[in-house]
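Colleague: Could you take me closely through one part of this model, the charged side chains that pair up, and then say how the surrounding helices and core are arranged?

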Amino acid sequence: MRDTSSRITERETTTTKLVDANRVIALWGFTEAALGGILHALKFPFTGLLIGCAAVVFITLIFQLTGSGKAILRATFIVLLVKATVNPYAQFAAYFAVGLQGLLGYLFFTTIRFKRVAALLLGIFALTFSAVQKLIFLTVVFGTSLWKSIDTFAHFVLTQIPFLKHSPSFSFSIVIISVYTGIHLLAGIIAGLKAANFPLWLEKKSKTVGRMRIDFAGGEEFFNKNRKSNRKHSLRKIPSYIIFIFLFSLMLVSYIFPQLDSNLFYYVVFTIIRSVLIMFIWFSVISPIAVKYFKRFVEKKKFKHASEINKITVLFTGFRKIINYCWKNSSSLRGRKRLVKFFSDSLALLLLADVEPD
């Protein structure tokens with residue numbers, strides 16, 4: 001047990017020689033403020049899931065580098081300010097998620113003796129909450145009628161299939177919720193385990209990176225090429241549109257097939273009216289007021305921490321060039337292999353490569 005602990009300590013000591021905490025904070029801020037657009041350009045599914053996994057790794061690494069829970073809180077605060085500065089139109093749920101991740105990291109790493117367990121719990125709780133947060137949002141906006149409508153429609157479809165007509169009934173909405181939450185839970189476990197072993201991975205990766213011939217010329221090509229795609233895929237309301245299309249389709253089906261459920265038509269109508277009213281109140285009344293006070297708070301803090309924010313944001317152009325380089329460098333591969341190499345090389349270079357301020 002002592003040997004294992006000493007090896008972990010040696011790895012963390014080696015990591016401190018490779019990268020400092022400020023670089024990790026800068027990369028975390030870049031991830032929260034800009035990575036979403038990059039992933040949308042790649043048409044990468046579960047964007048929020050990947051960003052959440054990255055946050056788990058960065059929070060764990062910050063503690064490994066500093067050994068301080070307060071450093072996690074400070075880093076979280078700076079990242080929130082950077083996110084508000086670079087992406088002022090981000091939803092409040094995104095800020096809340098970042099703040100919660102930092103708070104969980106602080107609590108786990110300052111109260112749990114075994115840091116591997118702390119990293120694992122951080123991954124599990126942070127990613128599971130991300131899933132639950134979205135499910136709560138859907139339930140608040142669309143009500144439980146949404147889940148009832150899904151169950152009714154699924155049951156109707158199954159009864160139309162001869163060999164499934166007499167199969168035991170089950171809640172299809174529960175299956176959807178369980179699978180969605182399960183994916184996030186599994187991702188959280190993997191992220192926590194990877195974060196705990198990150199110093200060893202970074203040490204090995206530094207040797208590979210050191211042999212790479214790096215040319216950051218033309219670093220904006222990837223972003224210029226995908227700028228139109230970024231705008232197209234930045235519509236964060238697409239899931240809501242899909243739900244509305246489903247509800248309208250279900251209402252039409254319930255009208256054509258009265259045997260589906262005598263109350264389904266009214267369920268769907270009620271759900272649509274309810275969701276429209278809630279979204280109108282949120283975006284027309286509550287959100288503008290919340291944004292107003294939040295911007296006041298951010299402006300005060302931005303002025304006080306202007307130097308730290310500037311030191312981080314000036315690195316973003318260099319970060320973009322690194323990502324562009326890694327994307328071109330992985331062009332010989334296809335599909336999953338290319339994505340694995342792209343993300344692996346990008347993460348290592350973003351932490352290790354020299355980046356000149358723009």
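Modeller: Lys205 forms a salt bridge with Asp345, with the closest N and O atoms 2.8 Å apart, where a salt bridge is a side-chain nitrogen of Lys or Arg within 4 Å of a carboxyl oxygen of Asp or Glu. This pair links distant parts of the chain, since Lys205 sits in helix H9 (residues 198–210) and Asp345 in helix H16 (residues 335–352), 140 residues apart; helices here are DSSP runs of H or I with at least four residues, numbered from the N terminus. The model is a predicted one, in which local features need pLDDT of at least 70 and side-chain atom pairs count only at pLDDT 80 or more, while totals for chains, interfaces and linings use all residues. Residues are numbered from 1 along each chain as its sequence is written, and side-chain values use heavy atoms, with hydrogens and water left out.

Both Lys205 and Asp345 are buried, which means under 20% relative accessible area, as against exposed at over 50% and partly exposed in between (1.4 Å probe, protein chains only). For Asp345 the relative accessible area is 2%. Asp345 also meets the side chain of Lys341 in a salt bridge of 2.9 Å, N to O, and because these two are four residues apart in helix H16, about one helical turn separates them. Lys341, by contrast, is partly exposed, at 29%. Lys205, Lys341 and Asp345 are thus linked in a network of salt bridges.

The whole structure holds four salt bridges, and one of them joins the side chains of Glu308 and Arg74 at 2.5 Å, N to O. Glu308 lies in helix H14 (residues 306–313) and Arg74 in helix H4 (residues 69–86), so this pair ties together parts 234 residues apart in sequence. Glu308 is partly exposed at 25% relative accessibility, and Arg74 is partly exposed at 40%.

Helix H16 also holds Leu351, whose contacts (heavy atoms within 4.5 Å) include Arg23, Leu61 and Phe198, not counting residues up to four places away in sequence. Leu351 is among the residues that touch the most other members of the largest nonpolar core, which has 65 residues; such a core is a set of buried Ala, Val, Leu, Ile, Met, Phe, Trp, Tyr and Cys residues joined through side-chain atoms within 4.5 Å. The largest share of this core, 12 residues, comes from H3, a helix in which 17 of 20 residues are buried.
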